[in-house]
Amino acid sequence: MQRRHFIKLSTTTAAAALFSRITHATSTLTTAVNAPDEVWAQSGEEWFKLEGTNGNVFTHKDISLRLKNSGDAKGVFVSSPTQQLNAVRLKWKHNLSPNSKFLGDHWERSYGDLQWKTKPDGVKNPWYVIIHDDKQTACFGVKTGCKSICWWGLTNDSLELTLDTHSGGNGVLLGSRELHAADVITTNGRPGENAFYTTRRFCGMMCPNPRLPKQPVYGINDWYFAYGNNSFDLIKKTTAMMAELVTDTHNRPFSVVDAGWAQYSPLLPGDGGWNDDFSKPNDKFKDMHLLGNEIKNLGMRPGLWMRPLCAKHDEKASLLAPKIPGRDDPKNPVLDPTIPENIERIKHNFEVYKQWGYDMVKHDFSTYDITGRWGFDMKDSITAPNWNFNDRSKTTAEIINDLYGAIRQAAGSMYIIGCNTMSHLSAGVFELCRIGDDTSGKEWERTRKMGVNTLAFRLTQHDKFYAVDGDCVGLTTHISWDRNKQWLQLLAESGAPLFISAQPEALGTEQRAAIKQAFAQAAKVQPVGEPLDWETNIQPDKWRLNNKIVDFNWA
């Protein structure tokens with residue numbers, strides 16, 4: 001069961017080198033260009049070609065795009081004082097060698113489908129693209145925290161960067177202001193550096209100031225055995241059970257209370273209700289402050305799950321986001337994030353969690369609640385057309401940035417896990433990111449697809465963007481231990497956060513011993529795991545973990 005189906009609940013590259021045309025003697029791949037060969041802008045449904053001046057300014061009527069060097073990046077600034085601006089596109093001539101493969105990221109979480117590809121036509125590569133051939137690795141991306149939603153496109157003879165400036169499903173109305181849409185950045189692989197470590201170094205260039213946990217994060221979560229059927233007593237019981245397996249008293253684990261704790265409202269006779277107030281616990285929990293203290297007394301640090309844009313069932317219509325496909329269920333109203341009153345409510349919720357004494361909050365569903373789509377549905381566009389929020393003067397990326405900034409401000413010193421957050425926009429803001437779709441406590445195939453693939457292709461981002469959370473080990477009687485113990489080992493030895501969702505009935509002597517060891521490993525800083533066969537295997541079997549080669553058998 002997935003949360004989205006559980007709605008009813010109780011060294012450096014010099015700037016001069018960066019943007020000069022470089023062709024490798026061993027490859028036709030060009031790593032960067034001095035200026036785009038073409039610039040286009042979209043207003044409404046129509047695309048216009050902009051005419052260039054001095055290679056840095058491009059205009060069509062009163063739409064203007066300006067390029068400006070800024071350290072190791074090139075800033076893209078756009079203005080459109082009288083027309084809506086939907087997108088801009090920069091295009092460079094460039095030859096892709098026949099033996100090249102390329103890797104992009106995902107908009108938000110990944111969905112078990114990240115891989116090195118060889119057929120570029122029609123593929124959107126969100127945020128960055130890594131191009132690799134037998135001789136070289138070249139990286140193209142935008143810095144994190146940008147004010148547009150960006151993707152890269154490739155053909156055999158071109159490289160394109162599209163910067164989406166929609167505000168909801170319509171073009172943004174910038175008025176007199178100039179939008180700093182993105183900062184473009186590139187790098188090459190270094191001698192002796194493989195594609196994994198080039199990508200990892202490039203992630204550090206895209207996000208020069210990540211916000212990271214002070215110590216490695218690990219712990220437990222109830223979702224993959226309780227699936228929302230949790231309670232005060234269950235959380236206390238499972239926390240006590242797992243606390244017995246903790247050996248590192250200098251870095252305590254977290255016990256994260258997942259969905260099912262918040263107050264909900266009855267809808268129809270016999271209906272269990274719907275989460276609608278994340279500042280109050282329901283009758284199964286009653287006192288979240290007391291629960292937090294109980295978790296601390298047991299030797300763990302309390303955390304909880306919440307959905308920031310969830311509206312109340314009887315919410316004032318003036319506070320709601322417009323209904324669009326995917327966001328039109330009357331039982332699941334969504335707050336408009338451009339309305340200050342809504343942002344204040346969200347900030348208040350986080351103030352409450354601080355008062356309760358919680359050390360971590362995992363917030364979920366915000367990309368879906370903003371766009372009405374999951375990342376895997378953002379193929380043709382980020383959201384449905386022809387709608388906008390209350391404030392149309394900001395791009396969707398800016399609206400998301402404002403939401404994340406408000407959460408960060410209100411959270412203070414609490415750790416924040418972003419789940420279903422726009423990856424590139426959450427980097428540098430939140431300490432952790434749930435980097436993939438849900439694993440499972442019921443279906444091994446889902447854990448293998450989502451967990452292994454996600455970790456393999458996004459570990460390059462670990463401690464560069466944030467601490468990457470590959471999701472839980474759903475340790476239950478539904479999945480064989482022979483399979484789950486491999487996933488436990490990979491998470492525990494990867495250097496990334498480890499969370500275990502353990503059904504009490506599934507814990508025998510062997511499982512307890514393995515968890516005890518895994519907790520001890522995850523509590524300490526370790527080398528980042530490296531998938532050794534990731535260029536050819538979508539679910540890599542061969543890994544370097546703690547400087548040892550480990551072979552897994554996921555099948």
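Let's start with a turn in the chain: a hairpin of 4 residues joins strand β9 to strand β10. Keep in mind as you look around that this is a predicted model.

The two strands on either side of that hairpin, β9 (residues 128-132) and β10, run antiparallel and are joined by 5 bridges. To find one of these pairings on your screen, look for Tyr 128, whose bridge partner in β10 is Gly 141.

Strand β10 has another partner too. With strand β15 (residues 179-188), β10 pairs in the antiparallel sense, again over 5 bridges. Here you can look for Val 142, which stands opposite Val 184 in β15.

Now, which way do the residues of β10 point? Thr 137, Cys 139 and Gly 141 point one way, while Ala 138, Phe 140 and Val 142 point the other way. This fits a general pattern: in a regular strand, side chains alternate between the two faces of the sheet. In β10, the residues pointing in either direction are all buried. That is why the strand, residues 137-142, counts as mostly covered, with 6 of its 6 residues buried, that is, under 20% relative accessible area.

Let's move on to a loop. Leu 309 lies between β20 (301-306) and α6 (340-356). Is Leu 309 buried or exposed? Leu 309 counts as buried because its relative accessibility is 0%.

What does Leu 309 touch, leaving out residues up to four places away in sequence? Its contacts include Pro 333, Val 334, Leu 335 and Pro 337, along with Ile 346, Ser 366, Asp 369, Ile 370 and Leu 403. Finally, compare Leu 309 with Gly 405: they are 96 residues apart along the chain, and their C-alpha atoms are separated by 14 Å.

Technical notes
Residues are numbered from 1 along each chain as its sequence is written. This is a predicted model: local features need pLDDT of at least 70, side-chain atom pairs count only at pLDDT 80 or more; totals for chains, interfaces and linings use all residues. Side-chain values use heavy atoms; hydrogens and water are left out. Buried means under 20% relative accessible area, exposed over 50%, partly exposed in between (1.4 Å probe, protein chains only). Contact means heavy atoms within 4.5 Å. Two strands pair if DSSP finds at least two bridges between them.
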